[in-house]
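Work through the exercises below with the structure open beside you. Try each task before you read its solution.

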8 protein chains.
Amino acid sequence: MTDPTRTPPTASLEGIAEFDFGRAARRGYPEAVLCEGKTMEHLVAIAREVGAHQHSNGHEPLGTILFTRASTDQAQAVCRELPGAAHDPVARMVAWPGPVPEPSGGTVLVLCAGTADIPVAREAWLTARHLGRPAELVVDVGVAGLHRVLARVDQIAAASAIVVVAGMDGALASVVAGLASAPVVGVPTSVGYGAALDGLAPLLSMLNACAPGVAVVNIDNGYGAGHLAAQIAATG
Amino acid sequence: MTDPTRTPPTASLEGIAEFDFGRAARRGYPEAVLCEGKTMEHLVAIAREVGAHQHSNGHEPLGTILFTRASTDQAQAVCRELPGAAHDPVARMVAWPGPVPEPSGGTVLVLCAGTADIPVAREAWLTARHLGRPAELVVDVGVAGLHRVLARVDQIAAASAIVVVAGMDGALASVVAGLASAPVVGVPTSVGYGAALDGLAPLLSMLNACAPGVAVVNIDNGYGAGHLAAQIAATG
Amino acid sequence: MTDPTRTPPTASLEGIAEFDFGRAARRGYPEAVLCEGKTMEHLVAIAREVGAHQHSNGHEPLGTILFTRASTDQAQAVCRELPGAAHDPVARMVAWPGPVPEPSGGTVLVLCAGTADIPVAREAWLTARHLGRPAELVVDVGVAGLHRVLARVDQIAAASAIVVVAGMDGALASVVAGLASAPVVGVPTSVGYGAALDGLAPLLSMLNACAPGVAVVNIDNGYGAGHLAAQIAATG
Amino acid sequence: MTDPTRTPPTASLEGIAEFDFGRAARRGYPEAVLCEGKTMEHLVAIAREVGAHQHSNGHEPLGTILFTRASTDQAQAVCRELPGAAHDPVARMVAWPGPVPEPSGGTVLVLCAGTADIPVAREAWLTARHLGRPAELVVDVGVAGLHRVLARVDQIAAASAIVVVAGMDGALASVVAGLASAPVVGVPTSVGYGAALDGLAPLLSMLNACAPGVAVVNIDNGYGAGHLAAQIAATG
Amino acid sequence: MTDPTRTPPTASLEGIAEFDFGRAARRGYPEAVLCEGKTMEHLVAIAREVGAHQHSNGHEPLGTILFTRASTDQAQAVCRELPGAAHDPVARMVAWPGPVPEPSGGTVLVLCAGTADIPVAREAWLTARHLGRPAELVVDVGVAGLHRVLARVDQIAAASAIVVVAGMDGALASVVAGLASAPVVGVPTSVGYGAALDGLAPLLSMLNACAPGVAVVNIDNGYGAGHLAAQIAATG
Amino acid sequence: MTDPTRTPPTASLEGIAEFDFGRAARRGYPEAVLCEGKTMEHLVAIAREVGAHQHSNGHEPLGTILFTRASTDQAQAVCRELPGAAHDPVARMVAWPGPVPEPSGGTVLVLCAGTADIPVAREAWLTARHLGRPAELVVDVGVAGLHRVLARVDQIAAASAIVVVAGMDGALASVVAGLASAPVVGVPTSVGYGAALDGLAPLLSMLNACAPGVAVVNIDNGYGAGHLAAQIAATG
Amino acid sequence: MTDPTRTPPTASLEGIAEFDFGRAARRGYPEAVLCEGKTMEHLVAIAREVGAHQHSNGHEPLGTILFTRASTDQAQAVCRELPGAAHDPVARMVAWPGPVPEPSGGTVLVLCAGTADIPVAREAWLTARHLGRPAELVVDVGVAGLHRVLARVDQIAAASAIVVVAGMDGALASVVAGLASAPVVGVPTSVGYGAALDGLAPLLSMLNACAPGVAVVNIDNGYGAGHLAAQIAATG
Amino acid sequence: MTDPTRTPPTASLEGIAEFDFGRAARRGYPEAVLCEGKTMEHLVAIAREVGAHQHSNGHEPLGTILFTRASTDQAQAVCRELPGAAHDPVARMVAWPGPVPEPSGGTVLVLCAGTADIPVAREAWLTARHLGRPAELVVDVGVAGLHRVLARVDQIAAASAIVVVAGMDGALASVVAGLASAPVVGVPTSVGYGAALDGLAPLLSMLNACAPGVAVVNIDNGYGAGHLAAQIAATG
């Protein structure tokens, strides 16, 4: 295989960033850009470098570059640098190039517990699609009305990877994992208040799922869940 | 009984929500809508669906639908969709239909420790009334001036369910439970600062009440306490 | 009514305890004795005083006195002082007098998620029975195998008060509350490890139950839950 | 498909447990028994029922039943009830039947950071093998001596699912995920002291892995990680 | 005044301790010895030095030296080195010389909420007496039976400093402070379980007391509270 | 004495507040009004009632009423209702009547560690003065430059009560208590960032002061510290 | 040596601050001014005093005074008082005098994991340079692309002190310390979200670095890290 | 320089450990062995390999290998494998070879606040000496008696690196850093109880030291502090 420690086709963004252009070759999926916390100047420089890299000769294709947790201003600035990018304001995500690739692998199923979880669920769903998987999104099937998730047992059985997005008690992850043969990636959300502790309550709940087959990513990390589900379903 | 897992009269809000219209039939109390965290677009679609459902033929009455933790903007938007709704800005609640039903069951008594606890206490009091109970509200009877709560021992003795709303030390819940034969639902509030830890201090205090007969709901969750008290007092 | 602040029929256990013999008259349920943390000498003195009080003239009957969280040594010592007491070693509880009273009021249903939750569930179930309610106990119906709780929907519908005992993700409380019209008292347990944080995970989960109608007591507090359920079901 | 909510082939362990014998049919993997927290009497009853079920007519084969986090006494008691069971004292696991099945699917690679992580790593490795995957175990490749993990890049590239077991800083998960195309299941361990906070430090570290493709299970949960890796690698 | 930074009459316990023999002259109260965490060898050396210092010529009297949180073994070893010392096993304290001095100043009143709080309450009460104050101890007056503390309003009004010792909800501190003109020193105890979090719950509760006039010391720190109360009542 | 539970000269602020006008008679110090968290409407009503009560016949004088943690808007509104009130914008406090009373009792010394602690320190200093004590304020004497606090040893020795205000490491409280014979009231502040955890770091530090004689109030609670110091120094 | 406790050349900023002008003589490095939390009025008074002190006769030179965590408004106000000051808006730092001194001692190497860590990294780098060290800054070398830090092994080997700035998993500190002979000062940053807990995750991770030779400063404390590195490299 | 990622002279301890024998060449200090958490069998195998490696031909000398946090049994087992090793039971450390090397570099000064901190302080002091530095140990100089640390200002001024070991309030680190020009490595200890939170209180206190020049290692990590101090003083 290629030696991951020796051949870094790293871009020069001196003093700003060292974009890991070799990541797609090394890991199969390109580096994404977390917009949150970056200055506009730094973000624009990175987007520009991404565009320049793609258009220069001799490079392998990078695949789709995702810009995550982008404010409206950040998203617009990225789109200016990268014509053809697609912006989903609910998911706060920009993808470049915009069109989703032809899907391959097994299906990724994203389930969310409530309406307020949609932004994170949508981030997971879009990520899986941009990384090349067929993906489905089902919303508002929290366990307070159990018939809603039970109506999806066939969909759950057919999926190669399942993402469960839930805040508050995070109970949906346990319930789904008890019904599914595919792995469940739990995404706790910061939806809720008080003792939800900005998502710590569903995080702990999912880490202690009484059903096996649940692994957890960071609070509100739809991107990470979608990425993981895409990896899991790659051979599904 | 009806089979709760098989006959979901669920509305179609494709991609937004799956309102649990069967909940009143199943549980005796209809689903409420937590406004906080929902986009305006999603909230309006839900309110519209609620209205449409009520007016279509052949449905059982839903009962009063409560919209909780509504910002002023959210409340106004809901009221536009649901003429006849009542908005209480202090409690941040919209109820539709607006008038409280004829009360039945035992009395719900809501006590709060300080003036700053009024919004949460009022949310509990209104919830209990909209769910059909006679309810009373007493404010600012914290234990720093013990005579204030001691002056209400008769009212405490007469209640079928008691809600105690308190921030800071949450001590009122223990004191009231030591005087009452009815169950006490404690609602810790985020009133206070510093080591009040946004309500964790009274939450822990109430969970460790030295008097038995106290159960606790989430910080600032007046709706949940009012709902529970209404259930408890249903047969009171 | 009697004035709770003025007529304390308090026993003399000078320097050890001030047993609240008036509690049954005031609140309808007598004081219980938390054994944990008491020295053997102090506990024996209290048990002796309880016995002496009951046998002296002119007192109203106390009702059943419960000794909770008793080690084997403590339980045996209490039983020596109070002949006729009943000891349940799994629930770590001693009741005196031993026989459960004739049940009245509605039914208390205690559900627990796993086998390891049985001690706490049993403490709740025994408490409700000793305080005078008919009570049922159902074990190991956690949500990992959802058919187990769904097989009890009729039992759930018939109960006047429900106690849900669960560790780890605590998800059973939300699921049951979504099915029940009766109030649910959640008891998080310290069953689990790691991020279960000695019961904090299910405690937070239950406090954030996505279904309304759940109130929570302290971790492993089967006594408190059984007491509360007995109060709720008193008029059921 | 079979209806998971309607046909529970549940054993009768009245008042002790309700073993989910249908889980293998429903999810593809049988229920495991967490020994920790169970009384010896309860555990023995469950083991006996498992044996009886397997030998009765007309049942589908259960697959291998794992007893996890078993003390020496518990393990010996289980082995007495289930002749032919295999006990791994380091992993604190009993498997019945003892022999690992013929492996199928992709390879599960278990990496651990230090010698003290071996029990948890071995639990993950054994779980994956008993659930039917080829699996490899590599120990003591923490990032303090980076050459150790870099020497395994080919092994990492060949795996279908990777389990990273680490306490303290948990940094190995990020480093491995940055090199791998397969999903990484992180298992934080309670190895460490002081600010390791019984495993919370590596738990948080792994949840915040700067490389995508990491999902996390509970602290010390080798079983859960092995199960998840087996699911992921099923089609690898 | 004496210069506290320049004239340290410090004993030589080379490599073990540097006993602050000047503390009584500087602060009015001598150094105490926290036994917990010290090796037997180190503790014995310190006790011996204390004895030697007292008997040597030319020294001012040290006053009573308290050895706190002493295990039985530690207490016995200290008593062997310091004949005439008094050991209170409930308070885990050794005082040398044993007899309490003639009291002066105002009265210190120590109130505790429950029987299990007695060891800490007794530590506070003994400390205040050994530091020279008249002191009273009242036990088991928790707020679950409010008449118990209300029966002591005259005692509360007469005290110059009040120590309130309580675990669980810590509510007694607020109630007493609302009745008293003297300062209240709150001592949260580790009495309780689960969400009492080893005393953090009453600690937070007391820090957020809704009545002014409460200051708090460390969990279970009866010594600190007694010391502080002795200082407060010095001029009472 | 007066019976604190029976003669509540409570104002009628129906549904808003129940001002404890008897507190000065009962405790020696009148009730203060925490402005934070109160609506403007509620706050104004309370201020108006305070003014009306003072001017009506037959009432005992209330003493100075303090309005704490008042925003600029709140302070101005209070001043409009209560002519003659004094507003200190740094301390965010309004006092009515404005002039400090003639001082009596011992001296209260307020020391703060840094410039950013001044608002809290000033709140303590003003409170002590309005409650009738002579008080001194010394700023920016943190332990990073130890000579600053050592230059005040005479002032420290002369005080009857000492308030130490510090954020970050809170170390000043221990250092001062090691030098003082008077009690030290520690006020942790939210000054700092990151691991200061909004004041939890100095709170914990002060609770664990290695010198005896430190008691602690809530983070940023200058009012509580000044009140306590005034009580302590009353007889100084 | 000079006696640090006796000769405080302290400026008079009566009631505002007590600037420690002797600190450079005592510790080798002058006092810095943390702007955050100071009112504009107080900050300006301090800046003015610093300027006045420097220009008055007979004083030793103070060295460069750093104003840290300065908002834009604060920085501009300081620059108005101290002509010749240099403002770095990214690092939120003002230095006076502006030019960095001639470097001496060993090299300080500052490495940061991501682009969003640049403000803190730059604060460390500037601090080291203003305190007199040669310093280098390398950005975006997080462990997700390990080749980036491995490309700097020579730079790492040549440094006398290394500062590692990282949020999220903080893993870079362990990796670098495993490669370096120089001490590593870890600076966790608040970069990240959810379970990053505002920097607590990398803080804990760095405190538990599996490689020795890492010490940690407060979250986002670039100044402290740069100061410490300058001290370490002073003799390098 | 040598390439740290390519030439791992790693011992074969197949399935147990991968001892990093190249660490001394790479970092200047050899790998240490944390005994805690290792099985006796694994520890003995590692000790044996260390001995074998040293005695085989052609290896560079390893330097002194330290075995830290060793129980008495573990220490004895290591000493059996490595004749000539030195065991310090107070510091729970084994060093092999036993004699400390000839000291070089600047002096490391270890200060501890109390007698109970001695084990950790001694671990730091021994580590520094075994890694080749001259080192001094001063005990029981906590800030409650400030004269004790002020008596050491000359020793503090002469040190090249200072280790401050303290539990409880951790205040000594700030005080020393305010006096010293050398870097201070703070070691919080688990000495204390209650709100000391097993060392979190002094950890937070030291992280927020108001004096610059303090960096912190894990709670009770005397080894880490001694190692870091040895690195810092290497060129002192």
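P97(G) sits in the loop between β4 (93-96) and β5 (108-112) of chain G. The model is a predicted one. The first exercise starts from this residue.

**Exercise 1. Peptide bonds before proline**

Task: Find what kind of peptide bond runs from W96(G) to P97(G), then look at W96(F) and P97(F).

Solution.
- Step 1. Recall the general rule: most peptide bonds are trans.
- Step 2. Read omega for the bond from W96(G) to P97(G). It is near 0°, and the bond is cis.
- Step 3. Move to chain F. A cis peptide bond joins W96(F) and P97(F), with omega about -5°.
- Step 4. Place P97(F). It lies in the loop between β4 (93-96) and β5 (108-112) of chain F.

**Exercise 2. Positive phi**

Task: State where D198(A) lies, and decide whether D198(A) is buried or exposed. Do the same for D140(B).

Solution.
- Step 1. Most residues other than glycine have a negative phi.
- Step 2. D198(A) is not a glycine, yet its phi is positive, about 60°.
- Step 3. D198(A) belongs to the loop between β8 (184-188) and α8 (200-207) of chain A. Its relative accessible area is 62%, so D198(A) is exposed.
- Step 4. D140(B) also is no glycine and has a positive phi of about 60°. Its place is the loop between β6 (135-138) and α5 (147-150) of chain B.
- Step 5. D140(B) has 9% relative accessibility, so it counts as buried.

**Exercise 3. Cysteines without partners**

Task: Explain why C79(B) forms no disulfide, then examine C35(E).

Solution.
- Step 1. A disulfide is a covalent bond between the sulfur atoms of two cysteines.
- Step 2. Search the whole structure. There are zero disulfides over all chains.
- Step 3. Find the cysteine sulfur closest to that of C79(B). It belongs to C35(B), 10 Å away, and this is too far for a bond. The cut-off is 2.5 Å.
- Step 4. Check the surroundings of C79(B). At 24% relative accessibility, C79(B) is partly exposed.
- Step 5. Turn to chain E. C35(E) is in no disulfide, and its nearest cysteine sulfur, in C79(E), is 10 Å away. C35(E) is buried, at a relative accessible area of 0%.

**Exercise 4. Salt bridges**

Task: Say which parts of chain B the pair D88(B) and R122(B) ties together. Then follow the charged residues in chains C, E and A.

Solution.
- Step 1. Take the total: 55 salt bridges over all chains.
- Step 2. D88(B) and R122(B) form a salt bridge, 2.8 Å from N to O. D88(B) is in strand β3 (residues 86-88) and R122(B) in helix α4 (residues 118-130) of chain B, so the pair links parts that are 34 residues apart in sequence.
- Step 3. Compare their settings. D88(B) is buried at 12% relative accessibility, while R122(B) is partly exposed at 25%.
- Step 4. In chain C, E31(C) pairs with R23(C) in a salt bridge, with the closest N and O atoms 4.0 Å apart. E31(C) and R23(C) are buried.
- Step 5. In chain E, R23(E) bridges to D20(E) at 2.9 Å between the closest N and O atoms. R23(E) is buried at 4%, and D20(E) is buried at 1%.
- Step 6. In chain A, a network of salt bridges links D20(A), R23(A), R26(A) and E31(A).

**Exercise 5. An enclosed helix**

Task: Which residues of α8(F) are buried?

Solution.
- Step 1. Helix α8 of chain F covers residues 200-207, and seven of its eight residues are buried, so the rest of the structure largely encloses it.
- Step 2. Name them: A201(F), P202(F), L203(F), L204(F), S205(F), M206(F) and L207(F).
- Step 3. Check chain E. Helix α8 (residues 200-207) there has seven of eight residues buried.

**Exercise 6. Chain D against chain A**

Task: Describe the contact between chain D and chain A.

Solution.
- Step 1. Count the residues: 35 from chain D and 35 from chain A.
- Step 2. Take the area. About 2,900 Å² is buried between the two chains, and carbon and sulfur atoms give 62% of it.
- Step 3. Look for polar links. There are 14 residue pairs in polar contact, both at pLDDT 80 or more, but zero salt bridges.
- Step 4. List the elements giving two or more residues on the chain D side: α1 (23-27), α6 (153-158), α8 (200-207), β9 (214-216) and α9 (222-232). The largest share, five residues, comes from α9(D).
- Step 5. Sort the chain D side by type: 21 nonpolar, 10 polar and four charged residues.
- Step 6. Contrast chain A and chain F. No contact joins them, and their closest C-alpha atoms lie 15 Å apart.

Methods:
Residues numbered from 1 in each chain as written. Chains lettered and ligands numbered in written order. Predicted model: local features only at pLDDT ≥ 70, side-chain atom pairs only at ≥ 80, totals over all residues. Heavy atoms only, no water. Contact = heavy atoms within 4.5 Å. Buried area = accessible area lost by both parts, 1.4 Å probe. Salt bridge = Lys/Arg side-chain N within 4 Å of Asp/Glu carboxyl O. Polar contact = N/O pair within 3.5 Å; in protein donor to acceptor, adjacent residues only side chain to side chain. Helix = DSSP H or I, 4+ residues; strand = E, 2+ residues; numbered from the N terminus. Nonpolar A, V, L, I, M, F, W, Y, C, P; charged D, E, K, R; others polar. Buried < 20%, exposed > 50% of the residue type's maximum accessible area, 1.4 Å probe, protein only.
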